[in-house]
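User: Could you take a close look at the aromatic rings in this model and explain slowly how they are arranged? I am in my first year, so please give the cut-offs for the terms.

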Amino acid sequence: MAPLRTLAALSLAATSVSAFAPSTPAVSSSPQRPTTAVASAVFDDAVKDWAEEYPQFAKWGWGPSVQAEIWNGRHAMFGWVVMCACAYHQGHGDFPDADKMLNLKEWGTLATIADGLEKGKDTISNERAIILIANVHAFFVGIAATIAPLPFSDTLLLDPNHPMYEWQTERNSKLGGIMPDMKQVGINPHAELMNGRMAMMGIITCLSYSLIKEQSMIDTINEWVGGAYF
C-alpha cells in the first residue's frame, strides 16, 4: 500500500504545480474563419453575381438585394399586425354575420372556394370576405405607393430620380449579410432588417404549424398567445 500512497501523493503534487504553471494557448497552423463569416461571404458573392448577370433588375433593387429584403420584412411585419387584428376582432365578434355563407347568385364565382373534405365547391363566409377585402384594400394602397411614392417615402424600387435615392443606396451599403450589427439599438435600419427577418420566419413557422395541425393561422396565433384572443 505504501507504493500506492507514494504514487498518489506524487500525482497530487504534479497536479497542484500544473495549476499555477502558465498555460500556452494552442495555436492552429491554419486559422479557420467563423461560420457566420463564411455564410456571409457566400451571401455577398450571390448578390454580386446577380448584379453582374441581371444589371437591369439589380439597379432597381429586384432580386436578392438589401432593398428587397427590407420590403419583404416590412410586408411580413404588416402581415402580423393584420393577422393579430383579425384574431382580435374574431374573438370579440366584431364581424357581422361571421358564419353566414355568401350567396352565389349575389356575389358570383369570386365567392366560391374549393371544399377539400367533400371534393366540391362552396362559398366563403362573410367573415372571410371582409378579411379578404381588407387585404385587397391594403394591397392596392401598396400598389399606389409604389407607382406614385411621396417625396419623403422610402420607395419599393430604387429610382435614381427620386429624392431618397442617395439615402437608400447609402443605407443599403451598410446592411446585409447573415447577421446585422446587433450593437445598433433603437429605431434604426439594422433593427428593422432583423425584425423583418424574424417576422418572415414567424410567418413560415405559423403556416407550417397550421398545415400540420390542420387549422387556420388565426387559430394558431390564438393558441400561441394562450387563447388571449378568443
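Analyst: What follows is a description of the aromatic rings and of how exposed their residues are.

The model is predicted, so local features need pLDDT of at least 70 and side-chain atom pairs count only at pLDDT 80 or more, while totals for chains, interfaces and linings use all residues. Residues are numbered from 1 along each chain as its sequence is written, and side-chain values use heavy atoms, with hydrogens and water left out.

A pair of aromatic rings is described by the distance of the centres and the angle of the planes. Rings of Phe, Tyr and Trp (its six-membered ring) pair if their centres lie within 6.5 Å, and planes under 30 degrees apart count as stacked, over 60 as edge-to-face and the rest as tilted. By this rule, the whole structure holds 5 aromatic pairs. One of them joins Tyr54 and Phe57, whose centres are 6.5 Å apart with 55° between the planes, a tilted pair. Phe57 also pairs with Trp62, and because the centres are 5.4 Å apart and the planes lie at 20°, this pair is stacked. Trp50, Tyr54, Phe57 and Trp62 together form one aromatic cluster.

As for accessibility, buried means under 20% relative accessible area, exposed over 50%, and partly exposed in between (1.4 Å probe, protein chains only). Tyr54 is partly exposed because its relative accessibility is 35%; Phe57, at 31%, is partly exposed, and Trp62 is partly exposed at 41%.

Another ring, that of Trp71, has Arg74 over its face, at 4.7 Å from the ring centre; a charge counts as over a ring if NZ of Lys or CZ of Arg is within 6 Å of the ring centre and within 35 degrees of the ring normal.
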